[in-house]
Amino acid sequence: MSYAGRMVFRMYLPGVVVLAAGAIAAAGLKAIQQLPGDLGTLSLYSNLPAWTLGVSLVVSLSVAAVQTVRLRLWDRGAIAGCYVCGCLLGAPRAARRGLGLTRHCLGCGKVHGVNHHRLSPTVIPLAVAVKDTANAPVRSVR
């Protein structure tokens with residue numbers, strides 16, 4: 001599996017897990033309705049299994065929509081990616097022993113530090129030794 005395939009798998013896996021958990025919960029609620037006793041009688045005419053499956057479907061589709069938007073933004077270059085493999089980075093998390101925040105790559109799994117330094121919002125050019133580069137003699141072409 002390529003890094004991009006692994007990245008897409010890791011992005012859409014939570015939505016699939018939510019949908020599977022909702023389907024299992026709905027099947028369990030439907031089975032409980034068939035049992036005799038107080039629990040079965042109370043939920044005999046309930047639409048709880050259908051609502052459970054519907055809520056899990058809506059949550060999984062919303063997770064998939066958010067991940068699709070992130071994937072499209074990454075594809076257009078609007079979101080920064082991993083400098084090793086180029087895949088999308090995960091959410092910032094606290095590093096061990098209070099060393100700041102890190103982001104894990106969704107493709108290769110490498111850990112990248114998050115820079116929290118106060119950087120200047122404008123680019124300040126460095127002072128160069130030669131002021132007029134057009135008239136400066138060339139010492140070597142290598």
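Buried means under 20% relative accessible area, exposed over 50%, and partly exposed in between, with a 1.4 Å probe and protein chains only. This is a predicted model, in which local features need pLDDT of at least 70 and side-chain atom pairs count only at pLDDT 80 or more, while totals for chains, interfaces and linings use all residues. Residues are numbered from 1 along each chain as its sequence is written, and side-chain values use heavy atoms, with hydrogens and water left out.

**Exercise 1. Lay out the fold.**

State how many helices and strands the protein chain has, and in which pattern.

Step 1. Helices (H or I, at least four residues) and strands (E, at least two) are DSSP runs, numbered from the N terminus.
Step 2. The protein chain holds three helices and three strands.
Step 3. Along the sequence the pattern reads α-α-α-β-β-β.
Step 4. Of the 142 residues of the chain, 17% count as buried.

**Exercise 2. Classify A23, then find its distance to T52.**

Is A23 buried, exposed or partly exposed?

Step 1. A23 lies in helix 1, which covers residues 3-33.
Step 2. Because its relative accessibility is 37%, A23 counts as partly exposed.
Step 3. A23 and T52 are 29 residues apart in sequence, and their C-alpha atoms are 7.9 Å apart in space.

**Exercise 3. Do the same for M7, C108 and A65.**

Give the location, the exposure class and one distant-in-sequence partner of each residue.

Step 1. M7 sits in helix 1. M7 counts as buried because its relative accessibility is 1%. From M7 to L106 the separation is 99 residues in sequence and 4.8 Å in space, C-alpha to C-alpha.
Step 2. C108 belongs to the loop between strand 2 (101-104) and strand 3 (111-113). With a relative accessible area of 18%, C108 is therefore buried. C108 and R6 are 102 residues apart along the sequence, with 8.1 Å between their C-alpha atoms.
Step 3. A65 is part of helix 3. Its 41% relative accessibility makes A65 partly exposed. A65 and G15, 50 residues apart along the chain, have C-alpha atoms separated by 9.6 Å.

**Exercise 4. Locate the salt bridge.**

Which side chains meet in the salt bridge?

Step 1. Side chains of opposite charge can pair when their charged atoms come close.
Step 2. A salt bridge is a side-chain nitrogen of Lys or Arg within 4 Å of a carboxyl oxygen of Asp or Glu.
Step 3. The structure holds one such bridge: R72 pairs with D75, at 3.9 Å from N to O.
Step 4. Because R72 and D75 are three residues apart in helix 3 (residues 48-76), about one helical turn separates them.
Step 5. R72 and D75 are both exposed.

**Exercise 5. Describe the nonpolar surface patch.**

Which residues form the patch?

Step 1. Patches are made of residues with over 30% relative accessible area and no salt bridge; like charges are joined within 9 Å, and nonpolar side chains (Val, Leu, Ile, Met, Phe, Trp, Tyr) within 5 Å.
Step 2. Accessible areas come from the Shrake-Rupley method with a 1.4 Å probe, and for residues only the protein chains shown count as cover.
Step 3. The patch consists of M1, F9, L13, V16 and V17, with about 520 Å² of accessible area together.
Step 4. V17, one of these residues, is found in helix 1. V17 is partly exposed, with a relative accessible area of 48%.
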